[in-house]
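Trainee: Before I use these terms at the bench, could we go through the reasoning behind them, one at a time?

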Amino acid sequence: MATVEQPRALDEEKLMQFVFRAVDEVGATLNAALVVMGDKLGLYRALAGAGPLTPEELAARTDTAERYVREWLNAQAAGGYVEYDPEDGTYELPPEQTVALTDESSAAYLPGFFQIALGSVLDSPRITETARSGAGLGWHEHVHDVHEGCERFFRPGYNAHLIASWLPALDGVVEKLERGGRVADLGCGHGASTILMAEAFPRSTFVGSDYHAGSIDTARARAELAGVSERVTFEPVPAAAHPGDGYDLVTMFDCLHDMGDPVGAARAVRELLAPDGTWMIVEPAAGDRVEDNLNPVGRAYYGFSTLLCTPASLSQDVGLALGAQAGEARIREVAESAGFTRFRRVAETPFNLVFEARP
Ligand SMILES: C[S@@+](CC[C@H](N)C(=O)[O-])C[C@H]1O[C@@H](n2cnc3c(N)ncnc32)[C@H](O)[C@@H]1O
């Protein structure tokens, strides 16, 4: 006999708790734009180490309009980003926020995270349309804040971990690079990872590639600026078409899941590698099951995955759309489908998983 579902009783208190949580989140949503604004106008940098400042003083130091600065400061104070002293009407950036909002060399540096989030939100009307049609939206079609924010978001983590712990966790790779090895960095974006490795291993040569020609132009300029362009070249090609063979190391940083055909790209990596070469795959931190990822990091990554990664993969041939929360089991499946016989997790941080795959 069919049973009739009783509607669940409404708990008014829980309803109001949810509404007030949402008020906080609306504030946080707007704050993404305010952080990017503060970063672009130099407001955080002017506050850093300056002690208490009035809005007039901050506006004068940044050549901005006081009325906007005052309102921005109040929003920052309400969110706990700056401290307000009602006695003398001044605002101060605490030391922890100073590091997180102004110190590009710190692993805690945040402005890039907000910049890519804001860029994703700015592009969301187009994603709403692709969600109706099932079409994709390529990485190259996004606003500049997505590309630059991505570089600025990931670089602090690579600075902190890539040379110090991720490469040493791979079997024999550091020794090869110290002697002078050949490295291909696929899906390299603006080349932050490529250049970092080139700076650390002066006897090795590096080729970065990405299907987005605009990113490759920026990567070339970054290499020039870093003084490594003699040993680092960049090519605008999809991962599956990266030319050459005999590489000691092929790397992919936060991009395998963005590709339409990750298995095809993995097969291409096998062709690129020397027989005893290594494929290093850096992916967003994730568990294998949805319920493993229902936490703040998973929330941010599922958000990026909906707005950036899934449409990026769907815009390409095959359109496997692994998503940014693919997890170890699915990445292992990709590597094994492409014929890699050895696969292991070698490192992890709260934001990334690092895998080693060998032929
Ligand atoms: C999230 S970004 C990561 C960029 C860079 N690796 C980093 O860590 O800053 C993903 C990158 O994958 C690139 N990409 C997507 N599909 C690709 C493909 N099939 N071949 C090569 N690059 C691809 C995008 O253009 C983008 O630069």
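Trainee: Which backbone atom contact does G187 make with a nitrogen atom of the ligand, and what makes it a polar contact?

Mentor: In this predicted model, a backbone N or O atom of G187 lies 2.7 Å from a nitrogen atom of the ligand. A polar contact is a pair of N or O atoms within 3.5 Å, so the pair at G187 qualifies. F253 is judged in the same manner: one of its backbone N or O atoms is 2.8 Å from a ligand nitrogen, and therefore also within 3.5 Å. Taken alone, the ligand exposes 600 Å², of which the protein buries 95%.

Trainee: How do you know which residues are around the ligand, and which come nearest?

Mentor: A residue is counted if one of its heavy atoms lies within 4 Å of the ligand. There are 18 residues around the ligand, and Y158, G187, D210, F253 and Q316 come nearest. By class, this shell holds 11 nonpolar, four polar and three charged residues, while helix α8 (residues 144-166) supplies its largest share, three residues.

Trainee: Why is the pair of E25 and R299 called a salt bridge?

Mentor: The limit is 4 Å between a side-chain nitrogen of Lys or Arg and a carboxyl oxygen of Asp or Glu; the side chains of E25 and R299 meet at 2.8 Å, N to O, so the term applies. This pair links distant parts of the chain, with E25 in helix α1 (residues 12-40) and R299 in helix α13 (residues 296-314), 274 residues apart.

Note on methods: Residues are numbered from 1 along each chain as its sequence is written. This is a predicted model: local features need pLDDT of at least 70, side-chain atom pairs count only at pLDDT 80 or more; totals for chains, interfaces and linings use all residues. Side-chain values use heavy atoms; hydrogens and water are left out. A polar contact is a pair of N or O atoms within 3.5 Å; within protein, one must be able to donate a hydrogen and the other to accept it, and residues adjacent in sequence count only if both atoms are side-chain atoms. Accessible areas come from the Shrake-Rupley method with a 1.4 Å probe; for residues, only the protein chains shown count as cover. Helices (H or I, at least four residues) and strands (E, at least two) are DSSP runs, numbered from the N terminus. Ala, Val, Leu, Ile, Met, Phe, Trp, Tyr, Cys and Pro count as nonpolar, Asp, Glu, Lys and Arg as charged, and the others, Gly among them, as polar.
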